[in-house]
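Welcome! Here is a short tour for anyone meeting this structure for the first time. Have the model open as you read, and follow the topics in turn.

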Amino acid sequence: RAARERRELIYRVNKFAQRYYRQFLLGASQAQCGRDYLDKRGMSPESQEGFGLGFSPNGWDVFVSAALAKGISSKALLEAGLALKADSDGQLRDRFRNRVMFPIFDVYGNVIGFGGRNMDSSHPKYLNSSETPVFSKRMNLYGINLALSDIRNQGCAVIVEGYMDVISAHQGGVKNVVASLGTALTHEQGRLLSRYCRKVILCYDADPAGRNAAMKGIDVMRSAGLEVR
């Protein structure tokens, strides 16, 4: 029961964060660079809304302060991986700053984590949520919540490399598309897909890294009993 309540709390905190980041993208002048970036990448307003895209403020504790003001505890923010404790003074700091935010959902539509794309020279270029009781990169796929119906209907899933690849495909009408959260394909992801389809198409970039990842992914997906193309 305690574990279930802990997971439910993290779901609620993540849902608040997703709505906060979404509203910040839509209305904050500071988020103009994020809006420009998404426009440049051809992301329609409908796609941005459908995938719940947002923007994290460029400040040390802007989001943390907003969450605390809504009664969310420091412990909950830390457990959800949305805040960090500064080494210097122990104060809470925002984990995501000045980034376009991609909420990550599970198959049931719960917000389980986030990926953030930087808008400056900070590293890494893409930053994922830390591992939490509801989020593991090995066990989830970006876009699965929106792709699930089409994956079931077609008996096939297309796996691409990144967030933008997924959104672009869905925007173009190909909606059985997911991505592997910036990690190599895992056996857990293969088992997840095997519940809903029998065939997987790997559609990675044609550079050496993409070809290498595809070759490794073939064996991983086959081990889950999936036909791979």
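Let us start with one pair of residues: Cys156 stands opposite Lys199 in strand S9. Please keep in mind that this is a predicted model. From that pair we can work outwards through a parallel sheet, then visit an antiparallel sheet and the nonpolar cores.

**The parallel sheet**

- The pair belongs to two strands, S7 (residues 156-160) and S9, which run parallel and are joined over 4 bridges.
- These strands are part of an open sheet of 4 strands with parallel pairing, in the order S8-S7-S9-S10.
- Strand S8 (177-179) and S10 form the edges; each has a single partner strand, so one side of each is left without a neighbour in the sheet.
- Between S7 and S8 there are 3 bridges, in the parallel sense, and Val160 has Ala179 in S8 as its bridge partner.
- On the other flank, S9 pairs with strand S10 (residues 227-228) in the parallel sense over 2 bridges; here Val200 is matched with Val228 in S10.
- Which way do the side chains of S9 (residues 199-202) point? They alternate: Val200 and Leu202 face one way and are buried, while Lys199 and Ile201 face the other way and are not.
- This fits a general pattern: side chains in a regular strand alternate between the two faces of the sheet.

**Helices around the parallel sheet**

- Helix H9 (residues 208-223) joins S9 and S10 in a right-handed β-α-β unit.
- Helix H6 packs on the sheet and touches S7 and S8, its direction making about 130 degrees with that of S8.
- Helix H7 lies across S7 and S8 as well, running at about 170 degrees to S8.
- In helix H8 (residues 187-194), the buried residues are Gln189, Gly190, Leu192 and Leu193.
- Looking down the axis of H8, you would find these buried residues within an arc of 160 degrees, so they line one face of the helix.
- Their cover includes helix H6 (144-154), S7, S9 and H9.

**A closer look at Ala147**

- Ala147 is found in helix H6. Is it buried or exposed? Ala147 is buried, because its relative accessible area is 0%.
- Leaving out residues up to four places away in sequence, Ala147 touches His170, Lys175, Asn176, Val177 and Val178.
- For a sense of distance, the C-alpha atoms of Ala147 and Asn58 are separated by 32 Å, and the two residues lie 89 places apart along the chain.

**The antiparallel sheet**

- Another open sheet has 4 strands in the order S1-S4-S5-S6, and its pairing is antiparallel.
- Strand S1 (54-56) and strand S6 (126-128) are at its edges, each with a single partner strand, so one side of each is left without a neighbour in the sheet.
- On average, neighbouring strands of this sheet are turned by 35 degrees against each other, direction ignored.
- S1 pairs with strand S4 (residues 99-105) over 3 bridges, and Ser56 stands opposite Arg99 in S4.
- Helix H2 (residues 32-40) packs on this sheet, touching S1, S4, S5 and S6, at about 70 degrees to S4.
- Helix H7 (residues 163-171) lies across S4, S5 and S6, also at about 70 degrees to S4.
- S4 and S5 share 7 bridges, one of which links Phe105 with Val111 in S5.
- The hairpin of S4 and S5 has 5 residues between the strands, and there Gly109 takes a positive phi near 90 degrees.
- S5 and S6 pair over 3 bridges, with Arg117 opposite Tyr126 in S6.
- How many residues of S5 are buried? The count is 8 of the 8, so S5 is largely enclosed by the rest of the structure.

**The nonpolar cores**

- The largest nonpolar core has 50 residues, and Tyr21, Phe63, Leu77, Leu82 and Tyr142 touch the most other members.
- Helix H1 (residues 2-27) gives this core its largest share, 9 residues.
- Beyond its neighbours within four places in sequence, Leu82 has contacts that include Val13, Ala17, Tyr21, Phe63, Leu77, Phe96 and Phe114.
- A second, separate core has 23 residues, among them Val107, Ile159, Leu202 and Tyr204.
- As a general point, nonpolar side chains tend to be buried together in soluble globular proteins.

Key: Residues numbered from 1 in each chain as written. Predicted model: local features only at pLDDT ≥ 70, side-chain atom pairs only at ≥ 80, totals over all residues. Heavy atoms only, no water. Pairing = 2+ DSSP bridges. Axes fitted to C-alpha atoms, helices over the stretch in contact; angles between N-to-C directions. Contact = heavy atoms within 4.5 Å. Buried < 20%, exposed > 50% of the residue type's maximum accessible area, 1.4 Å probe, protein only. Right-handed = clockwise from strand over helix to strand, strands pointing away. Arc of directions from axis to C-beta. Core = buried A, V, L, I, M, F, W, Y, C linked by side-chain atoms within 4.5 Å.
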